[in-house]
Amino acid sequence: MRFIDPSIITEAIKDSVIKINYELDDSLISLIQKAKKKERSNIASSILDDIIENSEIAKEGNVPLCQDTGVVVVFAEVGFDVHIDGNIYDAINEGVRQGYSEGYLRKSMVNHPFERVNTKDNTPAMIHLSYVKGDKLTLKIASKGGGSENMSTVKMLTPAAGIDGVKKLVLDTVFQAGGKPCPPIIVGIGLGGNFEKSAIIAKESLLRPLGDKSDDPIIARLEDELYDEINKLGVGPMGVGGDTTCLAVKINYLPMHIASLPVAINIQCHSARHIEVIL
Ligand code: SF4
């Protein structure tokens with residue numbers, strides 16, 4: 001049994017939320033540069049340049065990439081042989097509290113659907129725990145902006161809808177979102193499970209490495225086809241039109257009920273801020 005002090009978790013969360021809000025991952029920058037080479041619209045191309053320049057300014061100046069510094073989402077995979085000497089939820093939220101204060105990040109969380117009083121420290125984080133083999137604690141941490149989250153959806157399709165029905169829903173959702181989720185976007189899709197589980201795996205798909213593919217051949221093909229078809233929609237960077245609407249499509253899936261085909265679409269803006277820490 002390995003013991004982990006909650007203060008180590010707090011420190012990891014604090015450092016991570018600051019880092020991801022100041023620095024875009026190199027793999028994301030590479031995808032934007034690659035997209036720029038194929039982009040035929042001058043204005044779209046200049047916006048991609050602006051996104052790269054913005055990321056350089058943020059990194060050099062230790063300032064946030066965007067005014068919306070997001071809600072913190074944490075997928076914590078706890079090894080069976082790990083014992084945390086305290087409350088993991090409190091440890092994560094304390095890290096958010098310290099990180100958003102010390103990093104001068106905007107506090108975006110409000111307490112109630114209608115009172116809407118700011119909680120003043122960006123807590124609570126959205127925390128998903130699972131148990132895995134081993135003696136490690138893996139923290140997958142994201143800072144998710146509200147603009148792209150608002151354009152996301154969950155729909156219960158019937159099995160007869162099939163691949164064509166899933167594609168239509170994804171393409172309609174991305175097209176209707178237009179420039180609101182600050183394209184170029186990454187589209188995270190959850191297929192199967194049930195109503196709530198599809199949304200969680202859609203979110204989790206956004207935390208996969210940008211360059212990877214599903215290990216299921218049917219799903220991998222669907223990721224590729226949707227990537228091409230979304231980029232033919234013409235939405236373009238920030239909705240100004242162009243060839244670059246999405247940078248990647250990620251699909252996670254689960255078994256499901258015989259009568260259902262749950263589909264969750266979680267849209268991630270170009271400011272895709274996430275990191276994985278293994279303790
Ligand atoms: S959608 Fe993303 S880039 Fe746009 S304002 Fe929100 S966090 Fe910033």
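Is Asp-135 buried, partly exposed or exposed in this structure? I start with that small question, and the reply is that Asp-135 counts as partly exposed, because its relative accessibility is 31%, which falls between the limits of 20% and 50%. Please keep in mind throughout that what we are looking at is a predicted model.

Let me stay with this residue for a moment and bring in its partner. Asp-135 forms a salt bridge with Lys-136, and the closest N and O atoms of the two are 3.4 Å apart. Lys-136 is partly exposed as well, with a relative accessible area of 44%.

Now let me step back to the overall layout of the chain. It is divided into domain 1, which takes in residues 2-22 + 65-144, and domain 2, which covers 147-271. The centres of domain 1 and domain 2, taken over C-alpha atoms, are separated by 25 Å, and where the domains meet, 10 residues of domain 1 are in contact with 12 residues of domain 2.

That brings me to the ligand. Where does the ligand lie with respect to domain 1 and domain 2? Both domains give residues to the shell around the ligand, so the ligand lies between them. If you would like to find this shell on the screen, the residues around the ligand include Cys-66, Gln-67 and Asp-68, then Gly-145, Gly-147 and Ser-148, and further along the chain Pro-181 and Cys-182. The list is completed by Cys-269, His-270, Ser-271 and Arg-273. Sorted by class, this shell has four nonpolar, six polar and two charged residues.

Two of the cysteines in that shell make a useful pair to consider side by side. Cys-182 counts as partly exposed, since its relative accessibility is 31%, whereas Cys-269 is buried, because its relative accessible area is 9% and the limit for buried is under 20%. With cysteines in view, it is natural to ask how many disulfides the structure holds. A disulfide is a covalent bond between the sulfur atoms of two cysteines. The structure holds zero disulfides.

I turn next to the charged side chains. Side chains of opposite charge can pair when their charged atoms come close. The structure holds 19 salt bridges, and I would like to walk you through a few of them, centred on Glu-149. Lys-144 forms a salt bridge with Glu-149, with the closest N and O atoms 2.9 Å apart. The side chain of Lys-203 also meets that of Glu-149 in a salt bridge, at 2.6 Å from N to O. This second pair links distant parts of the chain, as Lys-203 sits in helix H7 (residues 195-205) and Glu-149 in helix H5 (residues 146-149), 54 residues apart.

How accessible are these three residues? Lys-144 is buried, with a relative accessible area of 3%, and Lys-203 likewise counts as buried, at 11% relative accessibility, while Glu-149 counts as partly exposed at 30%. Elsewhere in the chain, salt bridges join Arg-208, Asp-212, Glu-223 and Lys-250 into a network.

Let me now move to helix H4, which spans residues 88-102 and contains Glu-102. This glutamate is partly exposed, with a relative accessible area of 46%, and, leaving aside residues up to four places away in sequence, Glu-102 touches Lys-14 and Ile-18. For a sense of distance, Glu-102 and Thr-138 are 36 residues apart in sequence and 24 Å apart in space, C-alpha to C-alpha.

The loop between H4 and strand E4 (126-132) is where Pro-124 is placed, and the peptide bond leading from Thr-123 to Pro-124 is cis, with omega near 5 degrees. In that loop between H4 and E4 we also find Arg-116 and Lys-120. Arg-116 has a positive phi, near 55 degrees, in a residue other than glycine, and phi of Lys-120 is positive too, near 70 degrees. As for their surroundings, Arg-116 counts as exposed at 53% relative accessibility, and Lys-120 is exposed with a relative accessible area of 65%.

I finish with another cis peptide bond, the one from Pro-183 to Pro-184, whose omega is near 10 degrees. Pro-184 is placed in the loop between helix H6 (162-177) and strand E7 (185-193).

Conventions: Residues are numbered from 1 along each chain as its sequence is written. This is a predicted model: local features need pLDDT of at least 70, side-chain atom pairs count only at pLDDT 80 or more; totals for chains, interfaces and linings use all residues. Side-chain values use heavy atoms; hydrogens and water are left out. A residue is near a molecule or strand if one of its heavy atoms lies within 4 Å of it. Ala, Val, Leu, Ile, Met, Phe, Trp, Tyr, Cys and Pro count as nonpolar, Asp, Glu, Lys and Arg as charged, and the others, Gly among them, as polar. Domain bounds come from an automatic or database domain assignment. A disulfide is a pair of cysteine sulfur atoms within 2.5 Å. Buried means under 20% relative accessible area, exposed over 50%, partly exposed in between (1.4 Å probe, protein chains only). A salt bridge is a side-chain nitrogen of Lys or Arg within 4 Å of a carboxyl oxygen of Asp or Glu. Helices (H or I, at least four residues) and strands (E, at least two) are DSSP runs, numbered from the N terminus. Contact means heavy atoms within 4.5 Å.
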